[in-house]
Amino acid sequence: MDQAVHCSTATAGANATVFEAKRKLAGQFRRRGMAVATMSGVAYGVYTAFMTLAMTMGVWAVWYGENSGLSDFAKMFLLGALGAATTDTCSAIWALLIAGFKGKLGDFARSITTKPGAVLIGAAVIGGPLASTCYVLGLQSAGSIIVPISALCPAIGAILSRFLYKPPLTPRMVLGIFICFAASAMIGSTGLADNAPPNLFLGLMFGFLAAFGWGLEGCVGGYATSMVDPEIGITIRQVTSGLTNLLVLVPLFAMFGGADAFTMVRTAFTDTQAMPWFAVAGFGAYFAFMLWYKGNAMCGTALGMSCNGAFSFWGPFFCWLVLGLWFGIDGYALAPIAWLAAVVMVVGIFTIAVNPVDFFKRKG
């Protein structure tokens, strides 16, 4: 009898040790996922800045000029789609080169035919030609002010994932997400001044549409990437986005805008002033979306997209750094409230990640 009790106690103790080790491992994996998702926001800021810079140079400056011969529709929609297509195509080339260097092109070809691959293709159509083009349209209409609006994608992703996957959202996590949104609103308020751009509200609308598209993409793509290597997943995403933009969206807008799509695509890709910066933007986009997918798969859509939402600061920050300070282009100064909002954003992410009371208890 005593021996049986002793064995039972020993088994219970061993199970408790295993459970505790598993819990710690899961917590470490989750925290790594948060760090990955946060770095995706930084990469997104780099991508935004250099894409915006590229669209001010070379033939792009001519196309946006008064004597370009393009209609207002073409300037708004065709150039926005072409800018997104050029960036995504550069990003797709980077993805293919990296996959080839790592010997993963075979995995890329095989993954396209699988169910997760099909899900990623669908997510890419939503987040690439649709959301990314809306993002570019918003940037060209209202400037970097739309970046924090597009950062509402964590809210949309969290809501959608709640319906699709039923993940737990504790009151603490909801509070953290709310703090992140408040930080985005603080950054967004800097654009509502007397010198606000004339197409501000049109740009904000495009920013919101981008947020919805990315929220849906993050929700679906994050699920698929949990079954596919993130580097393969982002290659599928960028190749799909680049081809769909170039072969569908750009010709469609060119037809309605009365422009020659083939000539404009050829001119854009052979412009020696703008293309180097599009290549840099594409490299940033590759890491932004790859880390985004990976972070969502590691720590969940709601948490991953909330950490990624820090790009509401990194976008305007890198635009100010690259366009404002480096190239001396007016209109990209960063207001003091944006720096305060960055601190608020960190507090929000910290609140989502851990219980502050428990954290400081452990420190004590």
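**Helix ends, kinks and buried residues in an all-helix model**

Helix H5 is followed by Gly143, whose phi is positive, near 85 degrees. Helices and strands are DSSP runs, numbered from the N terminus: H or I over at least four residues for a helix, E over at least two for a strand. The model is predicted; local features need pLDDT of at least 70, side-chain atom pairs count only at pLDDT 80 or more, and totals for chains, interfaces and linings use all residues. Residues are numbered from 1 along each chain as its sequence is written, and side-chain values use heavy atoms, with hydrogens and water left out.

The protein has 16 helices and 0 strands. Its 364 residues are 52% buried, where buried means under 20% relative accessible area, exposed over 50% and partly exposed in between (1.4 Å probe, protein chains only). The accessible surface totals about 16600 Å², and carbon and sulfur atoms supply 71% of it. Areas follow the Shrake-Rupley method with a 1.4 Å probe; for residues, only the protein chains shown count as cover. Among contacts (heavy atoms within 4.5 Å) with a separation of 6 or more, 86% join residues 24 or more positions apart.

H5 covers residues 115-142, which makes 28 residues. From first C-alpha to last, H5 reaches 39 Å, close to the expected 40 Å. The expected span is 1.5 Å times one less than the number of residues. H5 bends by about 30 degrees at Ala131. The bend at a residue is the angle between axes fitted to the seven residues ending there and the seven starting there. At the start of H5, a side-chain oxygen of Thr114 comes within 3.2 Å of the backbone nitrogen of Gly117. Such a polar contact is a pair of N or O atoms within 3.5 Å; within protein, one must be able to donate a hydrogen and the other to accept it, and residues adjacent in sequence count only if both atoms are side-chain atoms.

Several residues outside H5 pack against residues of the 115-142 segment. Gly80 lies in helix H3 (residues 72-101). It is buried, at 0% relative accessibility. Leaving aside neighbours within four places in sequence, Gly80 contacts Tyr64, Lys75, Thr133, Val136 and Leu137. The C-alpha atoms of Gly80 and Thr133 are 6.0 Å apart, although 53 residues separate the pair along the chain. Gly213, in helix H9 (residues 200-225), is buried at 6%. Outside its neighbours up to four places away, Gly213 touches Ile126, Gly127 and Ala131; Ala131 is also where H5 bends. Gly213 and Leu130 are 83 residues apart in sequence, with a C-alpha separation of 6.9 Å.

Thr240 belongs to helix H10 (residues 230-257). Its relative accessible area is 14%, so Thr240 counts as buried. A polar side-chain atom of Thr240 lies 2.7 Å from the backbone oxygen of Ile236. Beyond four places in sequence, Thr240 contacts Ile121, Ala124 and Val125. Within H5 itself, Leu139 is buried at 8%. Leu139 and Thr52 are 87 residues apart in sequence, yet their C-alpha atoms are 7.6 Å apart.

Ser111 lies in helix H4 (residues 105-112). It is buried at 14% relative accessibility. The Ser111 side chain reaches the backbone oxygen of Asp107 at 2.7 Å. With residues up to four places away set aside, Ser111 touches Gly117, Val228, Ile232 and Ile236. Gly117 is thus shared with the Thr114 contact, and Ile236 with the Thr240 contact.

Helix H12 (residues 275-299) has 25 residues, and its end C-alpha atoms are 36 Å apart, in agreement with the expected 36 Å. H12 is largely enclosed by the rest of the structure, because 18 of its 25 residues are buried.

Helix H14 (residues 311-326) is kinked by about 25 degrees, centred on Trp320. Buried residues in H14 are Phe311, Ser312, Phe313, Gly315, Pro316, Phe317, Phe318, Cys319, Val322, Leu323 and Gly324. Cys319 has 1% relative accessibility. Gly328 follows H14, with a positive phi near 65 degrees. Cys90 is also buried, at 8%. The structure holds 0 disulfides, a disulfide being a pair of cysteine sulfur atoms within 2.5 Å.
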